[in-house]
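Here's a quick briefing to read alongside the structure. Have the viewer open and click along as you go.

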Amino acid sequence: MTSVENPSEVLVETVTTVNGRVVRASVPARLHVADFLRQHLGLTGTHLGCEQGACGMCTVIVDGEAVKSCLMLACQLDGRNVRTVESLAEGDELNALQQAFKEEHALQCGFCSPGFLMTATALAHQGRRPGRDEIREEIAGVLCRCTGYDNVVTAIERWFAENPQGASEDPLPAVTDPTATQG
């Protein structure tokens with residue numbers, strides 16, 4: 001299959017679960033996950049910084065692992081489960097991690113916050129309770145020019161301490177309704 005806009009561009013059929021919703025899409029073979037999420041699905045919480053995998057702003061969770069979405073192709077999502085920062089809030093309420101960031105003043109401009117939040121959420125999927133030094137090491141892949149990281153580490157450390165079991169649970173089962181999003 002080829003693109004209507006660009007007949008030489010190869011399209012790949014992909015079925016993935018994004019934030020609990022099954023998404024069927026025909027994606028250009030060279031389209032990055034970050035661009036797919038932002039441009040095709042309107043999930044603009046995934047921020048783009050360097051587009052080279054160095055800044056971590058675009059971190060999402062794929063099958064429980066933190067992934068820099070500017071380095072992965074959208075066609076590689078076929079059959080996989082993706083979570084973006086939009087999946088964290090519970091309706092209009094911040095989830096416990098987001099609330100900890102708010103209360104610990106762990107954000108300033110907020111551009112890097114999705115990367116930190118998704119990295120911490122992926123860390124929770126591992127089922128461990130990391131200490132302060134390990135948290136600092138894990139989030140080192142997300143660059144921030146504003147916070148100095150101390151409050152970010154404190155917020156994540158607090159979240160783990162207050163949510164020992166709940167932090168690693170995935171609240172997003174796949175939605176399999178026939179009106180699933182088309183990308």
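His47 is buried, because its relative accessible area is 17% and the cut-off for buried is under 20%. Keep in mind that this is a predicted model. The histidine sits in the loop that links α1 (33-40) to β3 (59-62), so let's start there and work outwards.

**Around His47**

- A polar atom of the His47 side chain lies 2.7 Å from the backbone oxygen of Phe111.
- Phe111 also turns up among the contacts of His47 once neighbours within four places in sequence are left aside. The others are Arg38, Met57, Cys58, Gly110 and Pro114.

**The whole chain**

- There are 183 residues in the protein, and buried ones make up 44% of them.
- You'll find 5 helices and 6 strands, and from the N terminus the order is β-β-α-β-β-β-α-α-α-α-β.
- Take the contacts with a separation of 6 or more: 60% of them are between residues 24 or more positions apart.
- The protein exposes about 9,300 Å², and carbon and sulfur atoms supply 48% of that area.

**Strand β1 and its partners**

- β1 (residues 11-18) pairs with β2 (residues 21-28) in the antiparallel sense, over 8 bridges.
- The hairpin these two strands make has 2 residues between the strands, and Asn19 there takes a positive phi near 55°.
- β1 also pairs with β5 (residues 81-83), this time in the parallel sense and over 2 bridges.
- Thr17 is a handy residue to click on: it stands opposite Val22 in β2, and its bridge partner in β5 is Asn81.

**Helix α2**

- Which residues of α2 (residues 96-103) are buried? They are Leu97, Gln98, Ala100 and Phe101.
- Seen down the axis of α2, those buried residues fall within an arc of 160°, so they line one face of the helix.
- As background, an α-helix has 3.6 residues a turn, so residues three or four places apart point the same way.
- The cover over the buried residues of α2 includes α3 (113-125) and α5 (150-162).
- At the start of the helix, a side-chain oxygen of Asn95 reaches to within 3.1 Å of the backbone nitrogen of Leu97.
- After α2 comes His105, with a positive phi near 55°.

**Nonpolar cores**

- The largest nonpolar core has 27 residues. The members that touch the most other members are Leu97, Phe101, Phe116, Val152, Ile156, Trp159 and Phe160.
- α2, α3 and α5 each supply at least two residues of this core, and α3 gives the most, with 7 residues.
- What does Val152 contact, leaving aside its neighbours within four places in sequence? Val152 is in contact with Phe101, Ala106, Phe116, Ile139 and Thr147.
- There's also a second, separate core of 17 residues, which includes Val18, Leu41, Leu43 and Val62.

**Worth a second look**

- Leu97 links several of these points: it is one of the buried residues of α2, its backbone nitrogen is the one that the Asn95 side chain reaches, and it is among the residues that touch the most other members of the largest core.
- Phe101 is another one to select, being buried in α2 and in contact with Val152.

Terms used: Residues are numbered from 1 along each chain as its sequence is written. This is a predicted model: local features need pLDDT of at least 70, side-chain atom pairs count only at pLDDT 80 or more; totals for chains, interfaces and linings use all residues. Side-chain values use heavy atoms; hydrogens and water are left out. Two strands pair if DSSP finds at least two bridges between them. Helices (H or I, at least four residues) and strands (E, at least two) are DSSP runs, numbered from the N terminus. Buried means under 20% relative accessible area, exposed over 50%, partly exposed in between (1.4 Å probe, protein chains only). The arc is that of the directions from the helix axis to the C-beta atoms. Contact means heavy atoms within 4.5 Å. A polar contact is a pair of N or O atoms within 3.5 Å; within protein, one must be able to donate a hydrogen and the other to accept it, and residues adjacent in sequence count only if both atoms are side-chain atoms. A nonpolar core is a set of buried Ala, Val, Leu, Ile, Met, Phe, Trp, Tyr and Cys residues joined through side-chain atoms within 4.5 Å. Accessible areas come from the Shrake-Rupley method with a 1.4 Å probe; for residues, only the protein chains shown count as cover.
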